[in-house]
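Student: I have a model open and would like to go through it with you. Shall we take it step by step?

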Amino acid sequence: MTDTPPLREPTFFVLTALLPAPLHGYGIIKAVEEMSDGRVRLRAGTLYAALERLEGEGCVVLDREESGGGPPRRYYRLTPAGVTLLEDESRRLADNAKLVRDRLRNAKPRTA
Amino acid sequence: MSGYDVLLGIAGRLVGARYPERREEIVETARAAGGDGGAWTRLAELASLVRLALAPARPRASARVVWLQGAVIGSALVAVTLLAPATPFVLAVPFVLLILGTIDARLAAAATVFWLWRLTTADLGDVIGALGDASVTAQLVRWLAMLVGIVIAARVTRASIRRAAAL
């Protein structure tokens, strides 16, 4: 367990979206929307704020830039530090969820 | 050119002032994301760009440095209050710093330092006397108010530092 504070939700989803392969900004937004079944819809400003924080911590780097005649598309990928951060966060969330499940199992049902 | 494109251009200029090398990329992402939805989606995209452009940068300084920077700002405020008459405007400044301190921890730290100075330079003899003298209760209330101010400002500072450091 590390001393890292809990990740903000957008940051968590950005890291998770980048786990399989590098993605560009709009690709990250669509990936997050799909994997959360439409529950989380990142806005462009939120996405780039998260990317800035993650780049500053060395968790995400620029993978490549593509420009097929249109506007440039920058692809971002996770670094080993980003993977470690995501692993730590998933462990923290799993521990918390287990705690709740255990207490729910042991809780006596209340009568109205 | 649609109204959304015009507003994106304006928001893009704001974003470009802070992220000149990424302006085009960010605007294109917002354009694509806004194109998926209706008016509310586009409005939310625009708002997110404005927020991105105006939000304070993530501090790279440690908590100690944030407190030190706050102390410098607070000391400057103390100097101003020593030189300027204690008008309501001057007295309101630390409260404004405290509110802005929820966004920038240095400003909350400055408010902490300011009230700490006011407290430590208060005439403690008057304060002690106020405990047994109802006629100087106002002095006691002021002293307690400053003490509460210090505690609140210090807590706001710590919370802001934690929030700003969160990924």
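Student: How many residues does the contact take from chain B and from chain A?

Tutor: Happy to help! This is a predicted model in which local features need pLDDT of at least 70 and side-chain atom pairs count only at pLDDT 80 or more, while totals for chains, interfaces and linings use all residues. Residues are numbered from 1 along each chain as its sequence is written, chains are lettered from A and ligands numbered from 1 in the order in which they are written, and side-chain values use heavy atoms, with hydrogens and water left out. Taking contact as heavy atoms within 4.5 Å, the count is 26 residues from chain B and 28 residues from chain A.

Student: Which three residues supply 33% of the area that chain B buries against chain A?

Tutor: Buried area is the accessible area (1.4 Å probe) that two parts lose on being put together, summed over both. Between chain B and chain A it is about 2300 Å², with 53% from carbon and sulfur atoms. On the chain B side, more than any other three residues give, the 33% comes from B:Arg22, B:Glu25 and B:Leu167.

Student: Why is one side of E1 and of E2 in chain A left without a neighbour in the sheet?

Tutor: Helices (H or I, at least four residues) and strands (E, at least two) are DSSP runs numbered from the N terminus, and two strands pair if DSSP finds at least two bridges between them. In chain A, 3 strands form an open, antiparallel sheet in the order E1-E3-E2. Strands E1 (23-24) and E2 (60-66) of chain A stand at its edges, so each has a single partner strand.

Student: Which residue of E3(A) is the bridge partner of A:Val61?

Tutor: E2(A) and E3(A) (residues 73-78) run antiparallel and are joined by 6 bridges. In one of these pairings, A:Leu62 stands opposite A:Tyr76. For A:Val61, the bridge partner is A:Arg77.

Student: Which helix of chain B gives the most to the lining of the second largest pocket?

Tutor: A pocket here is an open set of points on a 1 Å grid over the protein atoms alone, where a 1.4 Å probe fits, with protein on both sides within 12 Å along at least five of seven lines; lining residues have an atom within 4 Å of a point. Helices H5 (88-100), H6 (105-120) and H8 (137-165) of chain B each supply at least two lining residues. With 6 residues, the one giving the most is H8(B).
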